[in-house]
Every structure is written in structure tokens, then in C-alpha cells.
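User: I would like to go through this protein step by step, beginning with its interior and then moving outwards. Please reason through each point before you give the value or name.

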Amino acid sequence: MTDRLVVRRAAVGDPLDDVAALQEASFHRGWGVAALRKELTSGAGRLYRLETGTSELVGFCACWIVARELHINSLAIAPAWRRQGHARRLL
């Protein structure tokens, strides 16, 4: 099951509702869709999704790439998928 998971870089026009929902479920002050989209359009912002073969969101990593350094801003794994090494896979 886990070998069918793929990491995909989100594009500016991608729907982000599932990422915002996981962000809200995982953190006290989750980012909304508008904040996620702003990060993607900032130039330095990146969003990587870990998905099943049917595009179900397993987790995500929101980060910046600045001066050839990676700065992780947010990383979350869906509750049903936690404690299986998926965050490590994203990193």
C-alpha cells in the first residue's frame, strides 16, 4: 500500500482544500487556502504533497527555498497515516 504513494509538487492552480483541512486538523492555527496559495505564488514557497495513487492526501510539506537553503514552514500527516514513516518520506 505505501509503495504506491507519490510525492508531488503542488502547482499554483491546484485545489488546496484538502491541504487546508489537514493543516486545520493538525495545528492550533491552521492556514487557510488563501494563505497556502499566497505561499505558492511568493516565488520562494513550495508545497509538496504525499498522495495515494487515487490522489488522496496523505500529508504535505510547505517550505521556502531561500539562498539554496530549505526552510520547513509546516509539515503534517493525516491521522490515519501517522507513525508509518511518511513524514520522513516527504523530507
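User: Which residues touch the most other members of the largest nonpolar core?

Analyst: The model is a predicted one, and its largest nonpolar core holds 21 residues. Ranked by how many other members they touch, the leading residues of this core are V19, L22, L47, V58, F60 and W81.

User: Which element supplies the largest share of this core?

Analyst: Several elements contribute, since helix 1 (17-26), helix 2 (33-41), strand 2 (45-51), strand 3 (57-66) and strand 4 (69-77) each supply at least two residues of the core. The largest share amounts to six residues, and the element that supplies them is strand 3.

User: What is L47 in contact with, leaving aside its neighbours within four places in sequence?

Analyst: L47 is among the core residues that touch the most other members, and its contacts can be listed once neighbours within four places in sequence are left aside. Contact here requires heavy atoms within 4.5 Å. On that basis the partners of L47 are R8, R9, A10, L16, V19, L40, F60, C61 and A62.

User: What pattern does the chain follow when read along the sequence?

Analyst: The secondary structure comes to three helices and four strands. Placed in their order along the sequence, these elements give the pattern β-α-α-β-β-β-α.

User: Why does the radius of gyration of the chain agree with that of a compact globule?

Analyst: The C-alpha atoms fill a box of roughly 35 × 25 × 25 Å along the principal axes. For a chain of 91 residues, a compact globule would have a radius of gyration near 12 Å, and the two agree because the value for this chain is 12 Å.

User: What percentage of contacts between residues at least 6 apart in sequence join residues at least 24 apart?

Analyst: The count takes in contacts in the chain between residues at least 6 apart in sequence. Within that set, the share joining residues at least 24 apart is 51%.

User: Does I72 count as buried, partly exposed or exposed, and which residues does I72 touch?

Analyst: I72 lies in strand 4, and, because buried means under 20% relative accessible area and exposed means over 50%, its 44% relative accessibility makes I72 partly exposed. Not counting residues up to four places away in sequence, I72 touches C61, A62, C63 and L91.

User: How far apart are the mean positions of the positive and negative charges?

Analyst: The chain carries 13 positive and 9 negative charges. Taking the mean position of each group, the separation between the two is 5 Å.

Definitions and conventions. Residues are numbered from 1 along each chain as its sequence is written. This is a predicted model: local features need pLDDT of at least 70, side-chain atom pairs count only at pLDDT 80 or more; totals for chains, interfaces and linings use all residues. Side-chain values use heavy atoms; hydrogens and water are left out. The radius of gyration is taken over C-alpha atoms; the globule rule is 2.2 Å times the number of residues to the power 0.38. Lys and Arg count as positive and Asp and Glu as negative; His and the chain ends are not counted. The place of a charge is taken as NZ of Lys, CZ of Arg, CG of Asp or CD of Glu. A nonpolar core is a set of buried Ala, Val, Leu, Ile, Met, Phe, Trp, Tyr and Cys residues joined through side-chain atoms within 4.5 Å. Buried means under 20% relative accessible area, exposed over 50%, partly exposed in between (1.4 Å probe, protein chains only).
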